[in-house]
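Me: I'd like to go through this fold bit by bit, sheet first, then helices, then a loop. Can you take my questions as they come?

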Amino acid sequence: MSPDTEGLLPWLEGRRSVRRFEERPVPRELLERILRSACMAPSAHNRQPWRFAVVSLGEMRRRLTDCMAAEFHRDLQADGLPESEVETRIARGVDRLLRAPGAVVLCSTMAEMDHYADPRRDQAERTMALQSASLAGGQLLLAAHAEGLGGCWMCGPLFAPQAVRDALDLPADWEPQALIVLGWPAEQPAARERRAFDDTVRWR
């Protein structure tokens, strides 16, 4: 057992999703250090099927935000929500993305994964790529936590993958999975209620 375990476990449990940040920027070298740590995550076949697009504040961030907002607007309208509620939901996400000092789009790729003729195994391989990319995203959030940054995982790109690819001019094989916003925390969110441990574990 590591001598640091006693402090490590409470530290891991102390990570929170942070949505409000101070205005000061996150240095590029710090972002690079976090991303390098994310790239050390485990992956299926060690193919490392994760890709990251770091989106700077300014024109590129605005382009990404506008493209995703347009898709979100269409989806919410199709759900039959009142226009006022549609606008409120969109404004909340737009504000969060435009204000965050750092933003990373997490993507997966099948470019180096195995391919099979039968759908069952081919789908399993795709799932393995998604699991691997998710592990890298989780490690990114922990690396940010270790550096004193806050972060929040946002699922918007899943609902507008082509819009994200077009806005950021990403390669065709990059499949957007999540958007992770980062920055110096301007809040300390309280712990949210977790499902009872015994409801999530079965000993066999």
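Me: Before we start, which strand residue is the bridge partner of Phe-52 in β2?
Reply: One caveat up front: this is a predicted model, where local features need pLDDT of at least 70 and side-chain atom pairs count only at pLDDT 80 or more, while totals for chains, interfaces and linings use all residues. Residues are numbered from 1 along each chain as its sequence is written, and side-chain values use heavy atoms, with hydrogens and water left out. Helices (H or I, at least four residues) and strands (E, at least two) are DSSP runs, numbered from the N terminus. Strand β1 covers residues 50-54 and β2 covers 102-108, and the two run antiparallel with five bridges between them. In β2, Phe-52 has as its bridge partner Leu-106.

Me: What is the strand order of the sheet, and which strands are at the edges?
Reply: Two strands pair if DSSP finds at least two bridges between them. On that basis there is an open sheet of four strands with antiparallel pairing, in the order β1-β2-β4-β3. The strands that pair on one side only are the edge strands, β1 and β3.

Me: By how many degrees are neighbouring strands of that sheet turned against each other on average?
Reply: Axes here are lines fitted to C-alpha atoms, for helices over the stretch in contact, and angles run from 0 to 180 degrees between N-to-C directions. Ignoring direction, the average turn between neighbouring strands of this sheet is 25°.

Me: Over at β3, which residue in β4 stands opposite Cys-152?
Reply: β3 is residues 150-154 and β4 is 175-183. They run antiparallel, joined by five bridges. Opposite Cys-152 in β4 stands Val-181.

Me: What angle does the direction of α7 make with that of β4?
Reply: Contact means heavy atoms within 4.5 Å. Helix α7 packs on the sheet and touches β1, β2 and β4. Its direction makes an angle with that of β4 of about 65°.

Me: α7 also packs with α3: are the two roughly parallel or antiparallel?
Reply: α3 (residues 59-78) and α7 (residues 161-168) have axes 9 Å apart and an angle of about 160°. Angles under 35 degrees count as roughly parallel, over 145 as roughly antiparallel, 65 to 115 as roughly perpendicular and the rest as oblique. So α3 relative to α7 is roughly antiparallel.

Me: Which residues of α7 does α3 meet?
Reply: On the α3 side, the contact involves Met-60, Arg-63, Leu-64, Cys-67, Met-68 and Glu-71. In α7, they meet Ala-163, Val-164, Ala-167 and Leu-168.

Me: How far apart are the end C-alpha atoms of α5?
Reply: Helix α5 takes in residues 119-146, which is 28 residues. The expected span is 1.5 Å times one less than the number of residues. That gives 40 Å, so the model agrees with expectation, its end C-alpha atoms being apart by 41 Å.

Me: Which elements do the buried residues of α5 pack against?
Reply: Buried means under 20% relative accessible area, exposed over 50%, partly exposed in between (1.4 Å probe, protein chains only). Among the buried residues of α5 are Glu-125, Ala-129, Ser-132 and Leu-140. The buried residues pack against α1, α2, β1, β2, β3 and β4.

Me: How far apart are the axes of α2 and α5?
Reply: The angle between them is about 140°, which makes α2 oblique to α5. Ile-34, Leu-35, Ser-37 and Ala-38 of α2 make the contact with residues of α5 including Ala-136 and Leu-140. The axes are apart by 8 Å.

Me: Is Gly-138 in α5 buried or partly exposed?
Reply: Gly-138 is found in helix α5. In space, Gly-138 and Ile-180 are 10.0 Å apart, C-alpha to C-alpha, with their positions 42 residues apart in sequence. Its relative accessible area is 27%, so Gly-138 counts as partly exposed.

Me: In the loop between α2 and β1, what is the phi of Asn-46?
Reply: Asn-46 is in that loop, and at 53% relative accessibility it counts as exposed. Gln-48 is in the loop too, with a positive phi of about 50° although it is not a glycine. For Asn-46, also a residue other than glycine, phi is positive, near 55°.

Me: Is Ser-43 buried or exposed?
Reply: Ser-43 sits in the loop between α2 and β1. Not counting residues up to four places away in sequence, Ser-43 touches Gln-48, Pro-49, Trp-50 and Ser-132. Its relative accessibility is 18%, so Ser-43 counts as buried.
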